[in-house]
Every structure is written in C-alpha cells, then in structure tokens.
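Q: Could you walk me through this model, starting with one loop residue and then moving on to the sheet, the helices and the charged pairs?

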Amino acid sequence: LFYRKEDIVIASPKWLVEKMGCLLCHQEQLQKQSRRRNAVTLFCQYGILVNDLYQDVFKNHKDMQNINLIDILTKFSLATGITINLSGSTYNGKKGYFIPTMLSQSQIKSKEMKCHLSTGPLCLHVPSRNYLPPGFYVQLLVAVTKREHFVLDSSKAGYNTICFNYKKHFIVNVSTISNTHVEITLYRNGARNKGMPYFSN
C-alpha cells in the first residue's frame with residue numbers, strides 16, 4: 001500500500017494497520033486514552049470522529065506528527081467530513097468525520113419511519129458473488145453521505161441500516177439484507193409533498 005502526500009510515502013501496511021487499530025478499537029480502550037466521554041460515545045455508537053478524540057488517541061505517537069489517518073481514510077473513501085446532525089449531543093452542529101465501519105450493528109425497522117409514502121426498495125448486488133463485500137458497502141455509504149442535499153441522520157444509524165434526510169422532505173434508507181445485497185428505500189415526510197424525487201448517478 002502506497003499513500004503519497006507531498007514528501008511523505010507510507011509503504012508498510014503493517015505499520016498502517018497498527019495505527020488504524022489504535023483508533024478503530026473497542027469503546028473501553030478508547031476511554032482509557034481519552035477523558036472525553038461524549039466524543040468516545042459519538043465515535044463508537046454513531047461512527048463520527050471529532051478532532052478532540054483523534055488528538056487524544058495519538059498525542060503520544062511521535063511517528064504520527066506528519067501523518068493524518070483521516071486523510072488516508074478519506075482518500076480511500078472509508079471516511080468523509082460532515083456537519084454533525086445529532087440532537088442532544090454536545091457536538092451537534094460541529095464538524096466531524098463519518099466512518100461507517102464504527103457503526104453499531106443495530107437495525108432500523110421501517111415502522112420507525114413516520115412517513116406517509118415509500119417506494120419499493122431498489123436492490124444492489126455484486127454479480128458472481130454470494131456475499132456483499134464490506135468494503136463496497138462502506139464506500140457506498142461514504143459516497144451517499146458526500147452527495148449534495150443528503151444529510152446523515154445519526155439518530156437512525158446502525159451498520160446494517162442507515163438513514164439520510166434528502167431536501168428536508170424525504171428520507172433515504174440504505175440497508176444490507178442478509179449480507180448479500182443492499183436495499184435503498186425512499187420515504188416521504190408529510191402528505192403535502194406530491195411526487196417522489198428522481199436520483200441521477
């Protein structure tokens with residue numbers, strides 16, 4: 001694996017994996033490295049990393065002074081910058097990084113969507129495979145998060161099911177089904193909004 005930025009080249013996958021392991025670990029381990037409990041909870045439950053927690057984790061890693069793991073995760077579409085949209089959180093409205101890999105394995109049921117209309121699910125699958133590659137699903141979530149008018153709803157987010165608000169009046173639900181394919185369902189908020197939006201590539 002080569003990652004090049006200015007005059008920095010990372011050519012050791014082992015070193016990179018070890019550093020990633022310091023960040024993408026269990027909640028108990030992160031709590032030992034940081035007293036910012038709200039930041040740890042935000043990361044472990046909602047997959048959102050804030051700079052405060054990142055700095056705490058790597059403050060004693062001298063070999064990380066010129067390297068930012070977030071840049072690497074972003075470059076390979078494993079993370080993306082967002083404005084945090086989570087009511088009640090001390091970080092609501094602030095900047096953070098969404099890392100889908102850290103989402104909990106919770107499921108959001110369709111009945112929890114208080115909407116009046118929904119489309120039939122659009123199914124995506126990978127030809128010639130009987131399973132859904134985890135990397136594909138993570139990169140799909142990152143790609144949707146980066147799209148214009150899509151706002152991640154962290155209050156309805158689990159690794160297997162995640163929701164996005166679209167132009168305030170719609171909810172886009174992306175979920176994995178039995179680890180074989182992805183379903184995308186569009187819900188409409190309120191009865192006054194007529195018609196369903198059209199999504200291009």
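**Contacts, sheet and salt bridges**

A: Leaving aside its neighbours within four places in sequence, K94 is in contact with I82, T83 and I84, where contact means heavy atoms within 4.5 Å. This is a predicted model, in which local features need pLDDT of at least 70 and side-chain atom pairs count only at pLDDT 80 or more, whereas totals for chains, interfaces and linings use all residues. Residues are numbered from 1 along each chain as its sequence is written, and side-chain values use heavy atoms, with hydrogens and water left out.

Q: Where does K94 sit, and is it buried or exposed?
A: K94 is placed in the loop between β4 and β5, the strands and helices being DSSP runs numbered from the N terminus (H or I over at least four residues for a helix, E over at least two for a strand). With a relative accessible area of 47%, K94 is partly exposed; on this scale buried means under 20%, exposed over 50% and partly exposed in between, using a 1.4 Å probe and protein chains only.

Q: And how far is K94 from I82?
A: The two are 12 residues apart in sequence, and their C-alpha atoms are 8.5 Å apart in space.

Q: OK, the sheet then: in what order do the strands come?
A: The open sheet is formed by 3 strands in the order β3-β5-β4, with antiparallel pairing, where two strands pair if DSSP finds at least two bridges between them. Since β3 (48–49) and β4 (80–83) stand at the edges with a single partner strand each, one side of each is left without a neighbour in the sheet.

Q: How many bridges hold each pairing?
A: β3 and β5 (residues 95–98) pair over 2 bridges, while β4 and β5 pair over 4 bridges. In β5, F98 is the bridge partner of I48, and T80 stands opposite F98 as well.

Q: Which way do the side chains of β4 point?
A: They alternate along the strand: T80 and I82 point to one face and are buried, while G81 and T83 point to the other face and are not. As a general point, side chains in a regular strand alternate between the two faces of the sheet.

Q: Switching to helices, what does α4 pack against?
A: The buried residues of α4 pack against α1 (13–23), α2 (27–33), α3 (37–46), β3 and α5 (69–75). In α4 (residues 51–58), those buried residues are L53, Y54, D56, V57 and F58.

Q: What about the length of α6?
A: Helix α6 (residues 134–146) has 13 residues, which at 1.5 Å a residue should span 18 Å, and its end C-alpha atoms are 19 Å apart, which agrees; the expected span is 1.5 Å times one less than the number of residues. Among the buried residues of α6 are Y137, L140 and L141.

Q: Now the charges, how many salt bridges are there?
A: The structure holds 3 salt bridges, each defined as a side-chain nitrogen of Lys or Arg within 4 Å of a carboxyl oxygen of Asp or Glu. One of them joins D63 and K19, with the closest N and O atoms 3.2 Å apart. D63 lies in the loop between α4 and α5 and K19 in helix α1, so the pair ties together parts that are 44 residues apart in sequence. K19 is buried at a relative accessible area of 10%, whereas D63 is partly exposed at 39%.

Q: And what does R36 pair with?
A: R36 meets D52 in a salt bridge at 3.9 Å, N to O, and R36 forms another with D56, where the closest N and O atoms are 2.8 Å apart. Salt bridges that share partners thus join R36, D52 and D56 into one network. D56 is buried, with a relative accessible area of 13%, while R36 is partly exposed at 36% relative accessibility.

Q: Which residues touch the most others in the largest nonpolar core?
A: Of its 51 residues, I162 and V174 touch the most other members, a nonpolar core being a set of buried Ala, Val, Leu, Ile, Met, Phe, Trp, Tyr and Cys residues joined through side-chain atoms within 4.5 Å. Beyond its neighbours within four places in sequence, I162 has contacts that include F98, Y137, L141 and V174.

Q: Last one, what is the phi of S77?
A: S77 has a positive phi of about 60 degrees although it is not a glycine, and S77 is found in the loop between α5 and β4.
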